[in-house]
Amino acid sequence: MASTGMQIFGFVLALLGIMGATVATLLPNWKVSADVGSNIITAISQMQGLWMDCTWYSTGMFSCTLKYSVLSLPAYLQTARTTMVLCCVLAAMGLCLASLGLKCTRWGGGRRSKRHAAIASGACFVAAGFLCLVPASWFTNEVITNFLDSSVPERNKFEPGGAVYVAFVSAGFLFMGGCIFCISCSGKRHGPQDLTGYSLQDYV
């Protein structure tokens, strides 16, 4: 029962992780600049994300522009796009395997099959967490390096936005969920290794 509770807890953490990673991928505020001007039509905030750039004005209006050209983007932004999408796909595969490996469910085969599915889902969650952590770390490093560069004008300096923090938290959830799934199946097994071969004889 304890391992079943751990698996459910890990499943919830992984579910929160994939939801957070998806939201972070779509949010336009990976980096934010706050520049208050004296003119009423001056932009007071600029946000840049993986897929679009948005500008807020002091009048309360905003405009967003999609990034259509992939080749014109810097390397860290292209990498962030690719790894975040792979993170979401891999985490979704992990959730499917986790639903088969949960001990409280009736589908997924016998005990041995469930154990293998749970370990595979844990590996998917850990890999997805790593894929989510890499772009968030690289993106943050680029933003901070650019911010500390004295040759960059003040108006072109940005700070890490909320999407970066969401990505970091999501990576932590995926890491914890994956580790819990792997640990819940790494204990010593008692009795037969696989009871599926005896299930039909028990009912004859």
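Student: How many disulfides does a search of the whole structure find?

Tutor: A disulfide is a covalent bond between the sulfur atoms of two cysteines. Here a pair counts if the two cysteine sulfur atoms are within 2.5 Å. Keep in mind that this is a predicted model, where local features need pLDDT of at least 70, side-chain atom pairs count only at pLDDT 80 or more, and totals for chains, interfaces and linings use all residues. With that search, the number of disulfides found is one.

Student: Which residue forms a disulfide with cysteine 54?

Tutor: Residues are numbered from 1 along each chain as its sequence is written, and side-chain values use heavy atoms, leaving out hydrogens and water. The two sulfur atoms of this pair are 2.1 Å apart. The partner of cysteine 54 is cysteine 64.

Student: Where in the chain do cysteine 54 and cysteine 64 sit?

Tutor: Helices (H or I, at least four residues) and strands (E, at least two) are DSSP runs, numbered from the N terminus. The disulfide joins distant parts of the chain, 10 residues apart. Cysteine 54 is in strand E3 (residues 52-57), and cysteine 64 is in strand E4 (residues 62-66).

Student: What is the handedness of the disulfide between cysteine 54 and cysteine 64?

Tutor: Look at the torsion about the S-S bond, which is about 110°. The torsion has that value, so the disulfide is right-handed.

Student: In what sense do E3 and E4 pair?

Tutor: Two strands pair if DSSP finds at least two bridges between them, and E3 and E4 have five. Cysteine 64 in E4 is also the bridge partner of cysteine 54. The two strands form a hairpin with four residues between them, and glycine 60 in the turn has a positive phi of about 95°. The sense of the pairing is antiparallel.

Student: Is cysteine 54 buried or exposed?

Tutor: Buried means under 20% relative accessible area, exposed over 50%, and partly exposed in between (1.4 Å probe, protein chains only). Its disulfide partner, cysteine 64, has 39% relative accessibility and counts as partly exposed. Cysteine 54 has 3% relative accessibility, so it counts as buried.

Student: Why do cysteine 179 and cysteine 182 not form a bond?

Tutor: Cysteine 179 is partly exposed at 39% relative accessibility, and cysteine 182 is partly exposed with a relative accessible area of 28%. The closest cysteine sulfur to that of cysteine 179 is in cysteine 182. The two sulfurs are too far apart for a bond, because their separation is 6.7 Å.

Student: Which helix gives the most residues to the largest nonpolar core?

Tutor: A nonpolar core is a set of buried Ala, Val, Leu, Ile, Met, Phe, Trp, Tyr and Cys residues joined through side-chain atoms within 4.5 Å. The largest one has 33 residues, and among those with the most contacts inside it are Trp30, Met84, Cys87 and Cys132. The elements that give two or more residues to this core are H1 (2-26), H2 (75-101), H3 (111-148) and H4 (162-184). The one that gives the most, with nine residues, is H2.

Student: Leaving aside neighbours within four places in sequence, which residues are in contact with alanine 21?

Tutor: Contact means heavy atoms within 4.5 Å. Alanine 21 lies in helix H1 and is buried, with a relative accessible area of 0%. Cysteine 132, for its part, is in contact with residues including Ala21, Ala167 and Ala171. The contacts of alanine 21 are Met84, Cys87, Cys88, Cys132 and Ser170.

Student: How far apart are the end C-alpha atoms of H4?

Tutor: The expected span of a helix is 1.5 Å times one less than its number of residues. H4 has 23 residues, so it should span 33 Å. Its buried residues include Ala167, Ser170 and Ala171. The distance in the model agrees with the expected span, at 33 Å.

Student: Where does UniProt place the feature "transmembrane region"?

Tutor: UniProt positions follow the numbering used here, feature names are shortened, and annotations may be inferred rather than shown by experiment. In the model, residues 117-139 are 100% helix and 0% strand. Residues 163-183 are likewise 100% helix and 0% strand, with end C-alpha atoms 30 Å apart. The unreviewed UniProt entry gives the feature at residues 83-105, 117-139 and 163-183.

Student: How many helices and strands does the chain have?

Tutor: From the N terminus on, the elements run α-β-β-β-β-α-α-β-α-α. The count is five helices and five strands.
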